[in-house]
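Here is a walk through one protein chain, written for someone who would rather look at the model than at a list. Keep the viewer open as you read.

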Amino acid sequence: TNTNGLDGPNGIGTGLRDAVNALNPGDEIVILGNYLVKDHTVLIDKNLTIQGQDNSLITYNGTNCSVPMLSITGGGILKDLTIAGADCSGVSRDLVSVNSQVDLNIEHTTLTNGGRAVDIKSGDGMVTLAFNHITGNQDYALYQGKGLGSGTVKLYANNIHSNRVGAQVNCNNLGTADHNFWGEGVLASSGAEFCTISDAKTLGAPILTNANVPGVQALMQTVTDTFSTAFDNN
């Protein structure tokens, strides 16, 4: 973290915003250990990969929960991280705000203790959430806003439960949410509202998590004529 004491708009005064400013689209930022953001939202306005290493955590310990922790407007990839909000007198910060004209993938993350975990504004990019563990937030795990943008959302192979009371995800008729776990005995039609879903594709048990790795133990596998194994040959 930048130690010059600044806490300015777009995250000026944090090492994360400094890194975004210094890098080119397509570059990678690696979060090491526990990383604290400041009171202002950190703007990610380039198409970057932001990933953790060794169970990295982005969190906040201040008292201003009126604005999101991260704002992603340039697409890219967010992966291998835990992002946790803070309790400001009973209100928590939204974790990730998205308003992007290009695609964004959020993969193998644990999103917890926020207001909304992922709050999508109107944009033209597709937002894909896969292999995430999203629980313990006060509001929606994901909310897809409506506007003039053509963007859509796709969720699969996530644990999404124990957030707000009622539906956990709202796609606003702009996306799909099959093959997720919504809680014990909860069908997709109860866990997701205004999403394209099939109750027959509801996961009947939570995807395994790992205490030392964010997200869940899942992957995308291409089926071929060659036998392959995963998860330590299990």
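Before we start, a word on naming: helices (H or I, at least four residues) and strands (E, at least two) are DSSP runs, numbered from the N terminus. With that in hand, Ala157 is easy to place: it lies in the loop between β14 (153–156) and β15 (159–161). Bear in mind that this is a predicted model.

**The sheet**

Let's begin with the main sheet. Seven strands make it up, and it is open, with the order β2-β4-β8-β10-β13-β16-β18 and parallel pairing. At the edges sit β2 (42–44) and β18 (192–193), each of which pairs on one side only. Helix α1 (residues 15–22) packs on this sheet, where it touches β2 and β4 (70–72). The direction of α1 makes about 25° with that of β2. As a reminder, strands of a sheet pair through backbone hydrogen bonds, either parallel or antiparallel.

**A closer look at Ser97**

Now go to strand β8, residues 96–98, and pick out Ser97. Is Ser97 buried or exposed? Its relative accessible area is 9%, so Ser97 is buried, the cut-off being under 20%.

What does Ser97 touch, leaving out residues up to four places away in sequence? The contacts are Pro68, Leu70, Ser71, Ile72, Asp119 and Lys121. Asp119 turns up again in the strand pairing, because it is the residue in β10 that Ser97 stands opposite. Strands β8 and β10 (residues 118–120) run parallel and are joined by three bridges.

**A hairpin further along**

For a contrast in direction, look at β19 (residues 209–210) and β20 (residues 213–216), which run antiparallel with two bridges between them. Asn210 stands opposite Val213 in β20. How many residues does the hairpin use to join β19 to β20? The hairpin gets from β19 to β20 through two residues.

**Two disulfides**

A search of the whole structure turns up two disulfides. If you number the bonded cysteines of the chain in sequence order, the pairing reads 1-2, 3-4. Here are the sulfur distances:

| Disulfide | Sulfur atoms apart |
|---|---|
| Cys65 and Cys88 | 2.0 Å |
| Cys171 and Cys195 | 2.1 Å |

Take Cys65 and Cys88 to begin with. The torsion about their S-S bond is about 55°, so this disulfide is right-handed. The pair links distant parts of the chain, 23 residues apart: Cys65 is in the loop between β3 (48–59) and β4, while Cys88 is in strand β6 (residues 87–88). Cys65 counts as buried at 12% relative accessibility, and Cys88 is buried with a relative accessible area of 12%.

Then there is the pair Cys171 and Cys195. Its S-S torsion is about 90°, so the disulfide is right-handed. This pair, too, links distant parts of the chain, 24 residues apart. Cys171 sits in the loop between β16 (169–170) and β17 (175–176), and Cys195 in the loop between β18 and β19. Cys171 is buried, with a relative accessible area of 0%; Cys195 is buried too, at 14%.

**Two residues with positive phi**

Most residues other than glycine have a negative phi. Which way does phi go at Asn10, a residue other than glycine? Phi of Asn10 is positive, near 65°. You'll find Asn10 in the segment before α1. With a relative accessible area of 39%, Asn10 is partly exposed.

Ala157, the loop residue from the start, is not a glycine and yet has a positive phi of about 55°. At 14% relative accessibility, Ala157 counts as buried.

**Empty space inside**

Finally, the cavities. A search of the whole structure finds two of 30 Å³ or more. The largest cavity holds about 40 Å³ of space. Which residues line the largest cavity? The lining is Val98, Asn99, Ser100, Ile120, Lys121, Gly123, Gly125, Val127, Gln144 and Gly151. Some of these names tie back to earlier parts of the tour: Lys121 is among the contacts of Ser97, Val98 falls within the residue range of β8, and Ile120 falls within that of β10.

Technical notes: Residues numbered from 1 in each chain as written. Predicted model: local features only at pLDDT ≥ 70, side-chain atom pairs only at ≥ 80, totals over all residues. Heavy atoms only, no water. Buried < 20%, exposed > 50% of the residue type's maximum accessible area, 1.4 Å probe, protein only. Contact = heavy atoms within 4.5 Å. Pairing = 2+ DSSP bridges. Axes fitted to C-alpha atoms, helices over the stretch in contact; angles between N-to-C directions. Disulfide = S-S within 2.5 Å. 1 Å grid on protein atoms, 1.4 Å probe; cavity = no way out; pocket = protein on both sides within 12 Å on 5 of 7 lines; lining within 4 Å. Points joined across faces, edges and corners; volume = space filled by probe spheres on them.
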